[in-house]
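Please look over the sequence and the model shown below, and keep both at hand while reading the report that follows.

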Amino acid sequence: MTISQATDQSIEQAADILRDGGLVAFPTETVYGLGANALDGQAVAKIFEAKNRPSFNPLIVHVADARQADIYVEMNDKARAVAGTFWPGPISLILPKKKDGGVSDLVSAGLETLAVRVPSHPVAQKLLKACNVPIAAPSANASGEPSATTPMHVTESLGENAPFILAGGASEVGLESTVLDLTGNVPKIVRPGAVTAEDLEPLIGEVEVDTGNPDKPTSPGQLLKHYAPSLPVRLHAIDVAQEEALLGFGPLKFMGVQGGGFAKDLPAGQVMNLSEKGDLHEAAANLFAMLRALDNPKFSAIAVMDIPKTGLGLAINDRLERAARGK
Ligand code: TXA
Ligand code: MG
């Protein structure tokens, strides 16, 4: 396995691997992606294999700019408005797939629609330009686990299944992109992320947020237990058991331990704080790394304090609720 600091040279090497039908893990501003040439069905099949991902769960296609997106999907007015404001950036758009675009049917899991995104991370941008093909890329972690936000986490989660990793620091946002379905009458967020309904409404009018009714999912990803560490996750914690790890948010001063004592006095390594000052952006950036760090079999569960469900907090709560779901 190779972990290469991203330089012009290693980006060229990664582009060659992609064009030859191989896999490359690369940084984006949201999370690390595990990429393959979206036009090459055999290459895309390797992604599903490497992640052990169910083949009914479609992938996002990454492109260099909105003009390239035009080749693969039918961009409508709302798509152009969102792209004009938020691309490059952390939002993916679900649109009708163009039949002559050449994207492998495996990418869209046989659906008539396709998710596209223009990432803003400079390494992702350079890689897309260097390989000159669209890159299908899910998050670079084994299916069901918390997403990888550092090169280390890619290796921990995928091992030899991620043979080449371009390293470009920790992902700034820390949560996967907002997924916005623009194929219906009313735009619908099917996965909340850093771009929120409040950000979108001034541009495209009413936006629904549908994060999943398991009986009637609008996005295949909603069906799955996701983002989950090995330990059980206990939400809405107002205190912590002796043998539990604690994932905090905001001041921990008054957080108690069951049977007596304060959480802040528990040994280092048992308690982590997403953001002491209660900043949602900081919390999002820390979420997956801290879930991984606390996921130690010496604890019985990870107790998580409440996080407000406003702005980016909606996306954080969405990930935590899925992590806490039974299999
Ligand atoms: O931030 C991100 O989006 C990262 C980075 C690498 O770009 N990628 C990512 O991909 O999170 P993945 O595969 O882990 O999540 C893609 C989500 C899944 O929940 C999938 O079900 C949904 O997008 N999706 C993709 N194509 C879809 C489609 N045509 N219709 C409905 N949902 C779709
Ligand atoms: Mg994922």
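How do the residues of the lining of the largest pocket divide into nonpolar, polar and charged? In this predicted model, the lining of that pocket is made up of 17 nonpolar, 19 polar and 9 charged residues.

**The largest pocket**

The space inside the largest pocket comes to about 710 Å³, and 45 residues line it, with Arg53, Pro58, Ile60, Val179 and Arg191 lying nearest its centre. The elements that contribute two or more residues to this lining are strands S4 (60–62), S6 (113–117), S9 (178–181) and S10 (188–191), together with helix H9 (312–324). Of the contributors, S6 gives the most, with 4 residues.

**The cavity**

The model also has 1 cavity of 30 Å³ or more. The volume of the largest cavity is about 50 Å³, and its lining consists of Leu235, His236, Val304, Met305, Asp306, Ile307, Asn317 and Leu320. These lining residues divide into 5 nonpolar, 2 polar and 1 charged.

The two linings can be set side by side in a table.

| Space | Volume | Nonpolar lining residues | Polar lining residues | Charged lining residues |
|---|---|---|---|---|
| Largest pocket | about 710 Å³ | 17 nonpolar | 19 polar | 9 charged |
| Largest cavity | about 50 Å³ | 5 nonpolar | 2 polar | 1 charged |

**The two domains**

The chain is divided into domain 1, which covers residues 2–209, and domain 2, which covers residues 233–325. Taken over C-alpha atoms, the centres of domain 1 and domain 2 are separated by 29 Å, and where the domains meet, 22 residues of domain 1 are in contact with 13 residues of domain 2. The area buried between domain 1 and domain 2 is about 1,300 Å², and carbon and sulfur atoms give 62% of that area. On the side of domain 1, Pro146, Leu175 and Pro192 supply 40% of the area that this domain buries against domain 2, which is more than any other three residues supply.

**A residue in helix H2**

Is Glu49 buried or exposed? Glu49, which is found in helix H2 (residues 41–51), has a relative accessible area of 63%, and because a residue counts as exposed when this value is over 50%, Glu49 is exposed. Measuring from C-alpha to C-alpha in the model, one finds Glu49 and Gly250 40 Å apart in space, while in sequence these two residues are 201 residues apart.

Note on methods:
Residues are numbered from 1 along each chain as its sequence is written. Chains are lettered from A and ligands numbered from 1 in the order in which they are written. This is a predicted model: local features need pLDDT of at least 70, side-chain atom pairs count only at pLDDT 80 or more; totals for chains, interfaces and linings use all residues. Side-chain values use heavy atoms; hydrogens and water are left out. On a 1 Å grid over the protein atoms alone, a cavity is a set of points where a 1.4 Å probe fits but cannot get out, and a pocket is an open set with protein on both sides within 12 Å along at least five of seven lines; lining residues have an atom within 4 Å of a point. Grid points are joined across faces, edges and corners, and a volume is the space filled by probe spheres set on the points. Ala, Val, Leu, Ile, Met, Phe, Trp, Tyr, Cys and Pro count as nonpolar, Asp, Glu, Lys and Arg as charged, and the others, Gly among them, as polar. Buried means under 20% relative accessible area, exposed over 50%, partly exposed in between (1.4 Å probe, protein chains only). Domain bounds come from an automatic or database domain assignment. Contact means heavy atoms within 4.5 Å. Buried area is the accessible area (1.4 Å probe) that two parts lose on being put together, summed over both.
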